[in-house]
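Got the viewer open? Here's a short tour, one selection at a time.

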Amino acid sequence: MRSWLKMVNLFYLLLLSNICQAESKLTFGVNSPGSPPYVYLSKNSTEYRGVIPDILIKLKQLHGYQINYIDSFRIRTESFLYNGEIDSFLSSSNWLKFPGKLIYSHPVAKHRSYLYSSQPFTDKLKLEDILGVNVCTRRGYIYPALREYFSSGKLQRVDSSNQLSMLNMVKINRCNMAVMHEFNALTILSSEEFQADKIYQSPFPVDVVDLSIILRPELIEVKQLLDDIIIQMKISGELEASLRHHIKVGK
């Protein structure tokens with residue numbers, strides 16, 4: 001009888017252990033090819049670096065979560081989250097197809113998108129001043145501040161597969177301008193390929209949104225843990241230091 005009870009207890013301990021292990025895994029989707037300084041592959045390595053990995057490593061250190069990264073494309077990454085194939089990814093609620101179906105961490109940073117052109121902008125630029133031009137955009141991406149202009153035909157959207165091709169199209173005048181996140185543009189424009197070219201940034205961002213770690217709604221406990229980590233990193237200055245470090249390294 002005692003032997004049978006020991007076997008039952010051992011079974012439940014193993015079962016509980018497996019459940020805990022399953023709950024201690026977090027799969028994070030990366031929009032290929034990543035986005036410095038937030039999440040990107042380190043040079044000559046398959047290891048992800050960036051502000052988000054710096055946050056997630058604390059989730060591992062403090063709470064024992066195993067972090068797995070899955071590389072995918074923007075639209076597929078979001079669909080994977082709705083289907084439960086991944087647990088989280090970096091985005092803004094403004095860009096989601098079904099924002100009410102997901103939950104969001106405390107904001108990690110402000111995402112500022114600017115216009116980039118081979119011609120200088122005026123200091124008093126207004127969007128109404130540039131109607132009718134071709135704007136290079138990233139395929140599958142939503143631009144809330146420009147949505148009305150694109151849908152009405154006031155601006156012509158020209159989709160491209162990545163940010164590098166967007167700026168190349170600006171350089172050869174295939175597009176009048178491109179709309180890009182400031183850090184993505186900074187990384188590309190700092191490369192040798194663009195050293196001889198002059199690309200101008202608009203004097204103001206055309207769109208500003210909060211970036212958060214987006215999670216499946218069942219992961220409310222993980223959200224709370226991430227909120228605590230992000231808030232503490234902001235208070236200590238560690239988050240700002242991480243951002244500055246990866247802006248420099250991720251170029």
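**Stop one: helix H7**

Keep in mind that this is a predicted model. Start by selecting strand S1 (25-31), helix H2 (51-63), strand S6 (103-104), strand S12 (207-215) and helix H8 (238-249): these are the elements that the buried residues of H7 pack against. Now add H7 itself, residues 220-236. Which of its residues are buried? Show side chains for Val222, Lys223, Leu225, Leu226, Asp227, Ile229, Ile230 and Met233; note that a lysine and an aspartate are on that list.

Try a quick ruler check on H7 too. At 1.5 Å a residue, its 17 residues should span 24 Å, and the end C-alpha atoms are indeed 24 Å apart, so the two agree. Step just past the end of the helix and you land on Gly237, which has a positive phi, near 90°.

**Stop two: H2 against H8**

Two packed helices are described by the angle between their axes and the distance between the axes. Select H2 and H8: they pack at about 140°, and their axes are 9 Å apart. Because angles over 145 degrees would count as roughly antiparallel, this pair is classed as oblique. To see the contact, pick Val51, Asp54, Ile55 and Lys58 on H2, then Glu238, Leu239, Ser242, Leu243 and His246 on H8. Colour them by type and you get 4 nonpolar, 2 polar and 3 charged residues.

**Stop three: the cores**

Next, go for the largest nonpolar core, which has 32 residues. Ile52, Ile55 and Leu59 have the most contacts inside it. S1, H2, S12, H7 and H8 each chip in at least two residues, with H7 giving the largest share, 6 residues.

Zoom in on Ile52. Setting aside neighbours within four places in sequence, Ile52 is in contact with Phe28, Tyr38, Val39, Leu90, Val108 and Ile213. Apart from the 32-residue core there's another one, of 16 residues, including Leu115, Tyr143, Tyr149 and Leu155.

**Last stop: Ile130**

Select Ile130, in the loop between strand S7 (109-117) and strand S8 (134-138). Is this loop residue buried or exposed? Its relative accessibility is 10%, so Ile130 counts as buried, the cut-off being under 20%. Not counting residues up to four places away in sequence, Ile130 touches Leu115, Leu125, Leu155 and Met177. Leu115 and Leu155 will be familiar from the 16-residue core.

For a final distance, pick the C-alpha atoms of Ile130 and Asp227: they are 97 residues apart along the chain and separated by 40 Å.

Definitions and conventions:
Residues are numbered from 1 along each chain as its sequence is written. This is a predicted model: local features need pLDDT of at least 70, side-chain atom pairs count only at pLDDT 80 or more; totals for chains, interfaces and linings use all residues. Side-chain values use heavy atoms; hydrogens and water are left out. Helices (H or I, at least four residues) and strands (E, at least two) are DSSP runs, numbered from the N terminus. The expected span of a helix is 1.5 Å times one less than its number of residues. Buried means under 20% relative accessible area, exposed over 50%, partly exposed in between (1.4 Å probe, protein chains only). Contact means heavy atoms within 4.5 Å. Axes are lines fitted to C-alpha atoms, for helices over the stretch in contact, and angles run from 0 to 180 degrees between N-to-C directions. Angles under 35 degrees count as roughly parallel, over 145 as roughly antiparallel, 65 to 115 as roughly perpendicular and the rest as oblique. Ala, Val, Leu, Ile, Met, Phe, Trp, Tyr, Cys and Pro count as nonpolar, Asp, Glu, Lys and Arg as charged, and the others, Gly among them, as polar. A nonpolar core is a set of buried Ala, Val, Leu, Ile, Met, Phe, Trp, Tyr and Cys residues joined through side-chain atoms within 4.5 Å.
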